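The exercises below are to be worked through with the sequence and the structure at hand. Try each task before reading its solution.

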Amino acid sequence: MRENDMLEKEEIFSKVLRAGRRTYFFDVRATKADDYYITITESKKFTEEDGSFHFKKHKIYLYKEDFAAFRDILDEMTSYVLSNKGEEVISERHQKDFRKLFGEKGEEAVTSESFTDVNFDDI
């Protein structure tokens, strides 16, 4: 079998979820025995100081025998989060300018604009 035929056979169905700097790829693939399984790949973009960038990828292989348990736990976890915190994203860290305003660790960034001119002669 040609290599292109193998690639076409392996990937059956795909969906992509773009979420900020992360992209999630959901792929249905086929085993050598022609059974299906799912891969979930997280790809995260990292930008270097010189402007170049690279991606880090993490992959999960999910086989049919684990689908029901995986779905049950995922449903339970998402329900827990939504019932306890709601659907609104409350983290300021999702703002594009968060690092400019608050620095790497969330503390407010000190800039020349954040100081008030004080004339000590008035004290």
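**Exercise 1.** In this predicted model, determine in which order the four strands of the open sheet are arranged and which strands lie at its edges.

*Solution.* Following the pairing across the open sheet gives the order β1-β2-β3-β4, with antiparallel pairing. The edge strands are then β1 (11-19) and β4 (53-63), since each pairs on one side only. Neighbouring strands are turned against each other by 20° on average, when direction is ignored. Turning to β3 and β4, one finds that they pair in the antiparallel sense over eleven bridges, and that Phe 46 stands opposite His 54 in β4.

**Exercise 2.** Identify the charged ends that sit over the ring of Phe 46.

*Solution.* One of them belongs to Arg 21, whose charged end is 5.6 Å from the centre of the Phe 46 ring. Another belongs to Lys 56, whose charged end sits over that ring at 5.1 Å from its centre.

**Exercise 3.** Describe the surroundings of Glu 42.

*Solution.* Begin by placing Glu 42 in strand β3, which covers residues 36-47. Leaving aside residues up to four places away in sequence, Glu 42 touches Arg 22, Thr 23, Tyr 24, Lys 56, Lys 57 and His 58. Between the side chains of Glu 42 and Arg 22 there is also a polar contact of 2.8 Å.

**Exercise 4.** Classify the aromatic pair formed by Phe 53 and Phe 55, and decide whether Phe 53 is buried or exposed.

*Solution.* The ring centres of Phe 53 and Phe 55 are 5.7 Å apart and their planes make an angle of 85°. Because planes over 60 degrees apart count as edge-to-face, the pair is edge-to-face. Phe 53, with a relative accessible area of 47%, falls in between as partly exposed, and Phe 55, at 45%, is likewise partly exposed.

How values were computed. Residues are numbered from 1 along each chain as its sequence is written. This is a predicted model: local features need pLDDT of at least 70, side-chain atom pairs count only at pLDDT 80 or more; totals for chains, interfaces and linings use all residues. Side-chain values use heavy atoms; hydrogens and water are left out. Helices (H or I, at least four residues) and strands (E, at least two) are DSSP runs, numbered from the N terminus. A polar contact is a pair of N or O atoms within 3.5 Å; within protein, one must be able to donate a hydrogen and the other to accept it, and residues adjacent in sequence count only if both atoms are side-chain atoms. Contact means heavy atoms within 4.5 Å. Two strands pair if DSSP finds at least two bridges between them. Axes are lines fitted to C-alpha atoms, for helices over the stretch in contact, and angles run from 0 to 180 degrees between N-to-C directions. Rings of Phe, Tyr and Trp (its six-membered ring) pair if their centres lie within 6.5 Å; planes under 30 degrees apart count as stacked, over 60 as edge-to-face and the rest as tilted. Buried means under 20% relative accessible area, exposed over 50%, partly exposed in between (1.4 Å probe, protein chains only). A charge sits over a ring if NZ of Lys or CZ of Arg is within 6 Å of the ring centre and within 35 degrees of the ring normal.
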